[in-house]
Amino acid sequence: MAIPGVSSGTRVTRDFRPGAWQIARVVATWNETNRARSIAFEVDDWPGHLAGQHVDIRLTAADGYTAERSYSIASPPEDPRIVLTVGRLEDGEVSEFLNDELREQDAIEMRGPIGGAFTWSALQAAKPLLLFAGGSGVVPLMAMLRHRRLAGSSIKAQLVYSARSLAEIIYRRELDVMAAHDPNFDLITVLTRIQPADWTGPSKRIDRSFVAQVLSRFDRPVDAYVCGPASFVETVSSLVLELSETGSAIRTERFGPTGP
Amino acid sequence: MITRGFHGKRKTTNPERLPPGQYFTNDFPVLSAGPAPRVNIADWTFELLAEDGAAIRQWSWKEFQALGASDITADIHCVTHWSKFDTHWRGISVERIFEAAGIAAPPAPFVMAFCDGGYTTDIPVQDLLNGKAMIAWQYDGEPLTAEHGGPARLLIPHLYFWKSAKWIRGLRFMETDEPGFWEALGYHSYGDPWREQRYQGD
């Protein structure tokens, strides 16, 4: 009989301790959209990470004031750099700094990798991969897809990416190329507010029939990952929980504010 | 290390209430590793268990609520760096639960909180007593939503908020401090925000 509060699964053997603060040097920056920027860092003693993990960063002003935040890692474990894709938050002291001020050869403090629950490894994967991204929630899922590609994995993968408009789709070109070249990867883009005139894709918020339709593409249990704003994750993950085959695993990561 | 070009924006008039590495928010973010579990209140129970799983005492939802409620107003601090001030909760204090179970002295120094959905977290018993913790079913005057851990969650505001286990179903006493869900994944065993104990080894 399982005792509540005692794990009956295998004990985690990997050491998930994030380690000390390190200096992270900016080696490149580029804009992904007009509201998101990617920054590539070099960290001398980076211990490696799993796709889906995140880092803590720390900024210190001259008067000693510090600000710390968490950011998902966009780069796969195969990339020697740590790439973060940061969105611009209105009146956000850290996101403003990262988007507008930080430049090549600057350095910040970084700590990680953090988080052992929302991770995916191509080498350990047995089930098809089903990813739901809401807005900037695509970042850790992109690390998973990049890792999958670099690992040469042929595991079936589906990304459902919901954003308000095409202009807000991060990594758009890279995802289109991936979908065009990989027969085992499929991309569905959902544009919920503004669609181009010739848009033939989905254009309303993800609902039960949509999730049922997506799940019908799989004939066995899936590894599902849902990431984005809290309301998106709540809606989508509970639908996937309700409609997916027994034996599916559903992991969630939520970003950002819950309110207006 | 001074970060070139960073000046920061102080958002709160009470910076002394912010533990290191935290920022103030008026929002109430939701974080969890999986979807909110579906809970049928008719089947809901809260249990106190001995280390071997033997039940010390069990209550149904109605019985639990009848034990008496109290209120806590507290600042809360999430390991993902946000802090929220003056949050209002209603529920039953843990020492009232122990009293109702006839526990004069806790049988072991630690507990594992266990929850619908499989979440667990480990806590020293002393940190649950003396008004420091409750099982809460109301937030800000309203029934606790599923997203925020309803029907009931543990509330232990002096530790990082991952310790305030959502969807709680009971406490199992333990002799040693075994790691719960996040603790086994590298988060700190204790989690004091004022000593910035986010991860193992901090």
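How much area do chain A and chain B bury between them? The figure is about 4,300 Å², with 54% of it on carbon and sulfur atoms; buried area here is the accessible area (1.4 Å probe) that two parts lose on being put together, summed over both. This is a predicted model, in which local features need pLDDT of at least 70 and side-chain atom pairs count only at pLDDT 80 or more, while totals for chains, interfaces and linings use all residues. Residues are numbered from 1 along each chain as its sequence is written, and side-chain values use heavy atoms, leaving out hydrogens and water.

At the interface, 54 residues of chain A touch 46 residues of chain B (contact: heavy atoms within 4.5 Å). Five salt bridges turn up across it, each a side-chain nitrogen of Lys or Arg within 4 Å of a carboxyl oxygen of Asp or Glu. In one salt bridge, A:Glu101 pairs with B:Arg4 at 3.0 Å, N to O. Several elements of chain A give two or more residues to this side, among them helix H1 (93-101) and strand E6 (107-114), but the largest share, seven residues, comes from H5(A). Helices (H or I, at least four residues) and strands (E, at least two) are DSSP runs, numbered from the N terminus.

Elsewhere in chain A, helix H4 (residues 208-215) has A:Phe210, A:Val211, A:Val214 and A:Leu215 buried (under 20% relative accessible area, against over 50% for exposed and partly exposed in between; 1.4 Å probe, protein chains only). Down the axis of H4(A) these fall within an arc of 130°, so they line one face of the helix; the arc is that of the directions from the helix axis to the C-beta atoms. A:Ser209 and A:Gln213 are exposed on the other side. The cover over the buried residues of H4(A) includes strand E8 (157-163) and H5 of chain A.

How values were computed: Chains lettered and ligands numbered in written order.
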